[in-house]
Each structure stands twice: as C-alpha cells, then as structure tokens.
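Colleague: Please show me the model, then let me ask about it piece by piece.

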Amino acid sequence: MRFLLQRAAFYLFTAWAAITLNFFIPRLVPGDPVQSLISRNQGRISADAIESLRVLFGLDTHENIWQQYLDYWGQLLHGDLGLSFTFFPTPVATVIGDSLPWTVGLVGITTIISFLLGTALGVGAGWRRGSWVDGLLPATTFLSSIPYFWLGLVAIAVFTGPGSFFPSSGGYEAGLVPAFDGYFIPSAIKHSVLPAATILVSSMSGWILSMRNMMVTVSSEDYITVAHAKGLSERRVALSYAARNALLPNVSGFALSLGFIVGGTLLVEIVFSYPGLGYQLFQAVGYKDYPLMQGIFLIITISVLVANLLADVAYLLLDPRTRKS
Amino acid sequence: MTISPSSIEQVIPGQGAMAQPSAAPGRAKRRRFRFVANAKAATGLVILAVYCLFAIIGPWVAPYDPDARSADVLQAPSTRHWFGTTHLGQDIFSQILVGARSVMLVGLLAGVLATILSILIGVTAGYIGGVPDEGLSALSNVFLVIPALPLIIIVTSIVEQASDTLVALIIGFTSWAWGARVLRAQTLSLRRRDYVEAARATGERTWRIILFEILPNLTAIIASGFVGTVIFAVMSEITLAFIGISSISSWNWGTILFWAQGQQALAQGAWWWFVPAGLAIAVLGTALALINFGIDEFVSPRLRSAGKTRIRTADGHTVRMRVGFTPVLAPVSRPIPVPREEVTP
C-alpha cells in the first residue's frame, strides 16, 4: 500500500509539473500568437471567452506572474480550457470530450493487446533461444523501425480502395449517429481494424524483444535449474518460473514507455483521419489552435499518468515482494 | 559531430557494464575489433556509414534540384527519374538525397545533446546521492512519464517555422530522461565498487573519480543511449515535418511524406511518392537498432542468439542445449520414474 501511495504522490507531482509546463510554454515564447487569433476573431468571441484565453495564455501583462498562475489553476479546476479556434465557438473541453473515447478505445486497447501478445511471443522466443524463432528477430526489428504513420499509409494503399472491405478513413460510416446500437458498433469496429493492425504490427516487436532478453537472462538462474531438476514439466518451468519472473521488468518498462507509445500511436489516427485526440491535435496544429493543442497535451499527459498508475497496480499484483513491505 | 564507425570502436572495446580487468597490452589491440566482429553491429555500422556519406555528398550528387518543377508530372519510376516525380514534376530521388542531410543532422545533434544532458544528470545523481539525487531522479522521472511527442509538437508549433537546429534542440531537451535513469542506476552500483573506494581513499578528487573511474565503465550504456536517442530524434523530426509543423521549405523525408499526404498521393496511386522515404527511414532505424543490439550483446553475451543448440547424440536422440542446464537423457515413454540410466552427451 505504501508503494502505491508513493507512486500516486509521484504522479500527482508529475501532473503538477505538466500543468506548470503548459502554463509557461506560451509565456516563454516571444511574440503573441494568441493575441493575433483573438483580434482576427474580434466581435465573434464573447468577453468572457476572451478573458479566459487571456488567463490561459498570459495576455494579462498587468498582473504579476504569480497571480496569473493562480488564475490559471482556478480556471483549470473549473474545467475551462478556453475556446477552440478550429471548431469555433465550441469549448476545448467539449472537443476533447468527444474525441477522448475514440483514442482510449483504439490506442488504449491496441496498446494492451500489443503488450500481451508481444510478451507472450517473447516468452516463446526467449525460451526456445537458438531455434528458428531467432531468425525472425531481425524482421521484427525492421517492423519496429518503421514510423507508425508510414505503415498506416502503406496499409491504406494496399488494403483500401473501391470495393474493399476496409474503409480508408474516419471512425464510423457517414450518416450514422454514435450510439450503442447494431448499426454503429459494427461500423466503428470495421473502421478501427486497419489502424489497430498498424499499431499492433509496429509496436509489438519491442515487447517481443525485451521479453525475449529477460527470458534469456532469467533462464540461466539457479532456480530454473532447480525447477528442471525437480522434474517439473517444461511448460510449468517456462511459464510459472521463468516467465513469471521475467515479466516484472517488462511491466515496469511498459509503464515507463507508455508516454512514447502513445505519442507514436496518435499519428496513426492522423493518417486514418480517425476522430480521436491525435487527429484533433493534427487539425489544431493546422489551424494554429493553441487552446486545443494545450488542452490535448494536458489530457494525454493525465491519461498516461492514470495508465501508469494502473500498470503499477498490475506490478503490485504480480510481485509479492512489494506487497509484503 | 558525426558518429563514424571508428568512434564507436574506440569507445567500446575492453570494457562495458561488466568491465573486466584489462587484458595484457598485446591482446588489447586484437580485441579492438571485437565489437565490429559482431555481425549485427557490423551491418548496422556499414548502413549508418552509407547514410552519413549521403548526408554529406547528397546535395552535390543529386541529379536534379529538389525544388525544380518540370513537365514530367506524377511519373512512375523510370531511368530518368529513379524514384518518380511529384505533382509538380519534382524529382523524388533528388529530394531524398538532399533530405538525408537534415535527417542525419537533427538525429545526431539531438542525440549528442540528450546524451550530454543524461550523463550530467544521471551520473551526478547516482554519484552524489542524497537530496540532489532525489531531486534529479524526480526530474528525470517526470520527463520520462510526460508524453514527449505531443510536448515537442506544441513547443515546435509555437515557434514559427522552426529550423533544423531548433528542432534538434527541442528534441534533445525533451528526450534525455531515459538515458539519465539508466546511467544513474549503473553509477549507483559502480560507486561502491572497491576500485572506486580505493580511488576515494587515495584522495582523488570527485571530478577525477567520475571522469576516469566511473565514466569509462559507463561507455557501453552511454553509447546505446545515444543510438536510442538518435532513433527517437529522427522519428520525431520526420513526424514534425510530416504533420507540417517544422519548416516545410527545407527538405527532409518527412517533408516528402507531408506533400505526398497533402496531394492525395495514395488516392492517385502514386506509391513511389511515399514508399522510398518510408523505406529510407525504416532502414536507418533498423541500422541503429542493430548497432544497439550489438552493444547489448557485447555487454551481455548471453543475449546473443545461440548458434547450433540441437545436438544429436551417439544413440540418435536430439538434445537441446541451454544455459545453466546440463541436458540429461532419460527414456521418455516410461510412465513412472524408476531408477533411470543417465547418459551425458
């Protein structure tokens, strides 16, 4: 329990650091990108909205920085992330709320499947070191070196087109209304197969490799030899002795690299015009929509922190030593 | 700074995380090429050398000006245009050649910057310990957990038309954390080794101990961290160019993909527009990853893919060899273990 509290405290600290970073980035940059956007939309933005953008981007030069920081926090705690310029006059929070489920569904589920599948294959590859499986390792290296988004482009070129089962863009068929019914759900699944496969192919090989290396290291430990000597079945030694111990570093590695993975997978959304956070970020970049960009950054960071906390819980369940203390 | 094959050779031999007492001077010379003898590392280094070469000579040997428009619009690869042309008749082969410089420059610059930062922060934290250590590790953990790519995208997009150098700086300043973490852990374990204690007892200065006792034993980790950062930096730069944030007036492989995507190359069936750039990235990434495997296997020989592990014994059985495990042949089909005859192969 103490371990978990420590981790939670650390994540709170990180969240604070990310928010503070978000506060300072627009203030450190010379010039004023937001001011020009506001003046361009003069007359269309309400006075309240202008005030909230001022607080977010530090246009209140007459206040000192500490007061600005407090205002910023006050606004965040009210869930006010400003107005999106891309989807004017929708608030950023609404835009993010609409796209977050798509990203969690696609990126979240695929990342977990990729980790589980990659780890399982890594167990096999590490246990059968020296068999034909080793010959496949260079291929996985190549696959993991391909940028996710480029693999997506190739997948679109190869698998989609007139008359193909796979749609090339979007999250669901045009004309459907998002709802849990028999029309929308199959359409959403159909649209997510290709992006998910792209992420799987390029992200899985990393897990295969790290798990293989851990398995190789673990299988020369004394307790493995003892397990063999006891006459336990090969399967039992591989899974309950070697894999169980090799899994721990892989789980903590998973937690640490989540930030990297999520960044990469967001790009797949761009290529497939999938209506998640990555695609919104892309559009925000195109329109110089700073409030939306910063809002998305905050949400992604917080999601990654939550995912990290969950990975820590998984670690706790897998490693009895952390539970004892 | 370029990462030439020789610089890695000089860095690696004769040491590593598990540094052995140095061999006799006569043997040291022979062991110098041991790292290169590793097939993976050698392949990676050769490919990397070719890329570096093109990064230097690419703009001079490119057959066309990458910006020059021509009447050959959207042509498939031919003898005149090896990789075909764009919607404006620009030669894609020339664009790739010219773009190599920017990609390698950003990758190496960001790699060097992040490596220096990770050494400064990681080794200091690991060696000094106490409160500074707590602070520095918290800092690197924060940077590790915050998703780097969205952060890089935001920072770069706020700076209008970021140049290559600026992109490299931004990537370098956001991607040092992993290296710092690994270096700190290794420094912690080195700090209490006998030879470091001895150096401290003889009154060596702290900076001298760090530079001459600790750092040489971290070179393998530093090298592998450097290579890993270069991979990340190259991918990030290409991503930035692909989504059109960094300056699109200069060529790199991401810019090519940006135009290909923007001009609906896919819908027009112009596969040659985006395939070469993607392959160039993938091969570079593979080369760097191979170098990293080479370093890993050099440091920890167990990870090498074992050679022949199936051995046929005299009486026709096959045995699979395994680390730490002496194969023992027992009759397989017997249901209950009875006193068995043991045959060692």
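The questions and answers below go from the fold of one chain to its contacts.

Modeller: This is a predicted model, in which local features need pLDDT of at least 70, side-chain atom pairs count only at pLDDT 80 or more, and totals for chains, interfaces and linings use all residues. Residues are numbered from 1 along each chain as its sequence is written, while chains are lettered from A and ligands numbered from 1 in the order in which they are written.

Colleague: How many helices and strands does chain A have?

Modeller: Helices (H or I, at least four residues) and strands (E, at least two) are DSSP runs, numbered from the N terminus. From that end, the elements of chain A run α-α-α-α-α-α-α-α-α-α-α-α-α. The count for chain A is 13 helices and 0 strands.

Colleague: What percentage of the residues in chain A is buried?

Modeller: A residue is buried if 20 or more other C-beta atoms lie within 10 Å of its own, exposed if 12 or fewer, and partly exposed in between, with C-beta atoms placed from the backbone. Chain A has 325 residues, and the buried share is 42%.

Colleague: Why is helix 11 of chain A largely enclosed by the rest of the structure?

Modeller: Helix 11 covers residues 277-286 of chain A. Its buried residues include Tyr279(A), Phe282(A) and Val285(A). Their cover includes helix 5 (92-127), helix 10 (234-271) and helix 12 (290-318) of chain A, along with helix 7 (148-158) of chain B. Helix 11 of chain A is largely enclosed because the buried residues number 8 of the 10.

Colleague: Is Ser273(A), in the loop between helix 10 and helix 11 of chain A, buried or exposed?

Modeller: Most residues other than glycine have a negative phi. Ser273(A) has a positive phi, near 45°. Around Ser273(A) there are 17 other C-beta atoms within 10 Å, so this residue is partly exposed.

Colleague: Which element gives the largest share of the side of chain A that touches chain B?

Modeller: Contact requires C-beta atoms, placed from the backbone, within 7 Å. By that rule, 53 residues of chain A are in contact with 45 residues of chain B. Among the elements giving two or more residues to the chain A side are helix 1 (2-28), helix 8 (184-218) and helix 12 of chain A. The largest share, 9 residues, is from helix 12 of chain A.

Colleague: Which residues have the most contacts inside the largest nonpolar core?

Modeller: A nonpolar core is a set of buried Ala, Val, Leu, Ile, Met, Phe, Trp, Tyr and Cys residues joined through C-beta atoms within 7 Å. The largest has 174 residues. Helix 5 (residues 92-128) of chain B gives the most to this core, with 18 residues. Those with the most contacts inside the core are Met215(A) and Ile296(A).

Colleague: Which residues is Met215(A) in contact with, leaving aside neighbours within four places in sequence?

Modeller: Leaving those neighbours aside, the contacts of Met215(A) include three alanines. They are Ala242(A), Ala243(A) and Ala246(A). The others are Gly122(A), Val123(A), Gly126(A) and Trp127(A).

Colleague: How far apart in space are Ser131(A) and Ala93(A)?

Modeller: Ser131(A) lies in the loop between helix 5 and helix 6 of chain A. In sequence, Ser131(A) and Ala93(A) are 38 residues apart. In space, C-alpha to C-alpha, the distance is 53 Å.

Definitions and conventions. Two residues are in contact if their C-beta atoms, placed from the backbone, lie within 7 Å.
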